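Q: Please take a close look at the sheet in this model, going through the order of the strands and the way they pair, and then at what lies outside it.

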Amino acid sequence: MVYLEDFEEFQAASQSLFASDPLKTRYLITYKHSTHRVVLKVTNDIVCLKYKTKDIANLKLVERFTQKFARWCVTEDMEKLDEEDAELADAKEASRAATAKRKRRKVKG
């Protein structure tokens, strides 16, 4: 079991682990309320990578990593793991625009 200190290092190692054996690689998030700690674990039963944090600012990174891992799971071409999903980017932009529009309505109303 390896705890990686740097999140980017954890993400890169997780991606290469997933690319090497996508059918056996799995991802787990654990939150311990008593210590306010989040632990991310990626394993293929041979290699186990872990990242832990208590920093609330890192939760956005955890959310993005979870989205990336989910995208990796449905990607047919392993060569495209690094590419940003255009459909996902469009959906995010539409969501931002809708949120901004609602905020403008509240200010006017």
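A: **The sheet and its strands**

In this predicted model, four strands make up an open sheet whose order is β1-β4-β3-β2, with mixed pairing. The edges are taken by β1 (2-3) and β2 (26-32), each of which pairs on one side only. As a general point, strands of a sheet pair through backbone hydrogen bonds, either parallel or antiparallel.

Starting from the β2 edge, β2 and β3 pair in the antiparallel sense over seven bridges, and within this pairing lysine 32 stands opposite arginine 37 in β3. The hairpin of β2 and β3 has four residues between the strands, and in this hairpin histidine 36 adopts a positive phi near 55°. Further along the sheet, strand β3 (residues 37-43) is joined by six bridges to strand β4 (residues 48-53), the two running antiparallel, and here valine 38 is found opposite threonine 53 in β4.

Outside the sheet, the helices can be described through their side chains. A search of the whole structure finds 12 aromatic pairs, among them the one formed by phenylalanine 10 and phenylalanine 65, which is tilted, with 5.3 Å centre to centre and 50° between the planes. This pair links distant parts of the chain, since phenylalanine 10 belongs to helix α1 and phenylalanine 65 to helix α2 (residues 59-74), 55 residues apart. Helix α1 (residues 7-20) also contains glutamate 8, and on the surface Glu8 gathers with Glu5, Asp6 and Glu9 in a patch of negative charge.

Notes:
Residues numbered from 1 in each chain as written. Predicted model: local features only at pLDDT ≥ 70, side-chain atom pairs only at ≥ 80, totals over all residues. Heavy atoms only, no water. Patch = residues over 30% accessible without salt bridge, like charges linked within 9 Å, V, L, I, M, F, W, Y side chains within 5 Å. Areas by Shrake-Rupley, 256 points an atom, 1.4 Å probe, with all protein chains shown as cover. Salt bridge = Lys/Arg side-chain N within 4 Å of Asp/Glu carboxyl O. Lys, Arg positive; Asp, Glu negative; His and termini not counted. Charge placed at Lys NZ, Arg CZ, Asp CG, Glu CD. Pairing = 2+ DSSP bridges. Phe/Tyr/Trp six-rings, centres within 6.5 Å; stacked < 30°, edge-to-face > 60°.
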